[in-house]
Amino acid sequence: MTERLMKMTGVFVAILALATAGRAADVVGPVTVTRVASPEKALRFEVEVPASIDDVWKACTTQEGLATWLWRETRVDLRPGGDWLAVFPGSTGGGTIVSFTDKQTLVVSALAPDTFPAVRAARTTAVFEFQALGPAATRVTLTQSGWKSGAEWDAAYAYLANGNAELLTQLQRRFVSGPLNWPSGR
């Protein structure tokens, strides 16, 4: 490699590093996962769902809709202070609705899994954004912020980088293959 080409390559790498500073993106199935380091630590997930914004909104904001992709037993009370929960055997996931704008945003004060008790108690903020891409396509973006420092927080961040990607994969699959068929009973 010539010296000039090596310098040009070095400049390109430096520009690319600056352009992506504070962000690391992965693709997990149909979901793009971005780990944001600054200005505020966050996790950002994006998926394109092959359904109308009306259908995706209903799937994300009603008890019946959540049960088609999140878990068989759900609770949704679409109002500030209302539940947005999946009731698993022995635990709950989801959180409390902070606010929403019809067919645009849903903000949840999110519960971390029980294995992260300090994070679960303090909660993070999960913002779901919905954007119609056409009559049968909707982009769903989930941004989770409010991360603090410490080993438990770092472990929860890593866990939820994968867990929330799976969550949105289930939402996308629900519209590709139909509602998930959950096992019955507890």
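**Arg120 and Asp114**

I looked up Arg120 first and found a relative accessibility of 16%, so I noted Arg120 as buried. The model is a predicted one, and I read every entry below with that in mind. I then asked which residue Arg120 meets in a salt bridge. The partner is Asp114, with an N to O distance of 3.1 Å. Asp114 has a relative accessible area of 40%, so I entered Asp114 as partly exposed. The cut-off for buried is under 20%, and Arg120 at 16% falls on the buried side.

**Arg44, Glu46 and Arg139**

I went on to the other salt bridges; the count for the model comes to 7. Arg44, Glu46 and Arg139 are linked in a network. In this network I checked the pair Arg44 and Glu46, where the closest N and O atoms are 3.6 Å apart. I checked Arg139 and Glu46 as well, and their side chains meet at 3.6 Å, N to O. This second pair links distant parts of the chain, since Arg139 sits in strand 9 and Glu46 in strand 3, 93 residues apart.

Are these residues buried, exposed or in between? Arg44 is partly exposed at a relative accessible area of 33%. Glu46 is partly exposed too, at 27%. Arg139 has 25% and is also partly exposed.

**Overall layout**

I wrote down the secondary structure of the protein chain, which comes to 5 helices and 9 strands. Along the sequence I read the order as α-β-β-β-α-α-β-β-β-β-α-β-β-α. The protein chain has 186 residues, and buried residues make up 39% of them. For contacts with a separation of 6 or more, I noted that 47% are between residues 24 or more positions apart. The accessible surface of the protein chain is about 9900 Å². Carbon and sulfur atoms hold 57% of that surface.

**Nonpolar core**

I next looked at the largest nonpolar core, which has 43 residues. Which members touch the most other members? I listed Trp84, Phe128, Phe130, Val140, Leu168 and Leu171. I then traced where the core residues come from: strand 2 (31–36), strand 3 (42–49), helix 2 (53–61) and strand 5 (83–88) are among the elements that each supply at least two. Strand 7 (105–111), strand 8 (124–134), strand 9 (137–145) and helix 5 are also among them. The largest share, 10 residues, comes from helix 5.

I picked Val140 and looked up its contacts, leaving aside neighbours within four places in sequence. Val140 is in contact with Phe45, Glu46, Val47, Val49 and Val56, among others. The list for Val140 also includes Phe128, Glu129, Phe130, Leu168 and Leu171. I noted that Glu46, a contact of Val140, is the residue that bridges to Arg139.

**Helix 5**

I checked the length of helix 5 (residues 151–177) against its residue count. At 1.5 Å a residue, its 27 residues should span 39 Å. The end C-alpha atoms are 38 Å apart, which agrees. I also looked for a bend in helix 5 and found one of about 30° at Leu160. Just after helix 5, I noted Gly178 with a positive phi of about 100°.

**Backbone entries in the loops**

I looked for a cis peptide bond and found one joining Ser38 and Pro39, with omega about 10°. Pro39 is in the loop between strand 2 and strand 3.

I then looked at positive phi in residues other than glycine. Lys103 is one of them, with phi near 60°. Where is Lys103 placed? I found Lys103 in the loop between strand 6 (91–101) and strand 7. At a relative accessible area of 31%, Lys103 is partly exposed.

Arg123 is not a glycine either, and its phi is positive at about 70°. Arg123 lies in the loop between helix 4 (117–122) and strand 8. I entered Arg123 as partly exposed, with a relative accessibility of 26%.

Notes. Residues numbered from 1 in each chain as written. Predicted model: local features only at pLDDT ≥ 70, side-chain atom pairs only at ≥ 80, totals over all residues. Heavy atoms only, no water. Helix = DSSP H or I, 4+ residues; strand = E, 2+ residues; numbered from the N terminus. Expected span 1.5 Å × (residues − 1). Bend = angle between axes of the 7 residues up to and from the residue. Buried < 20%, exposed > 50% of the residue type's maximum accessible area, 1.4 Å probe, protein only. Contact = heavy atoms within 4.5 Å. Areas by Shrake-Rupley, 256 points an atom, 1.4 Å probe, with all protein chains shown as cover. Core = buried A, V, L, I, M, F, W, Y, C linked by side-chain atoms within 4.5 Å. Salt bridge = Lys/Arg side-chain N within 4 Å of Asp/Glu carboxyl O.
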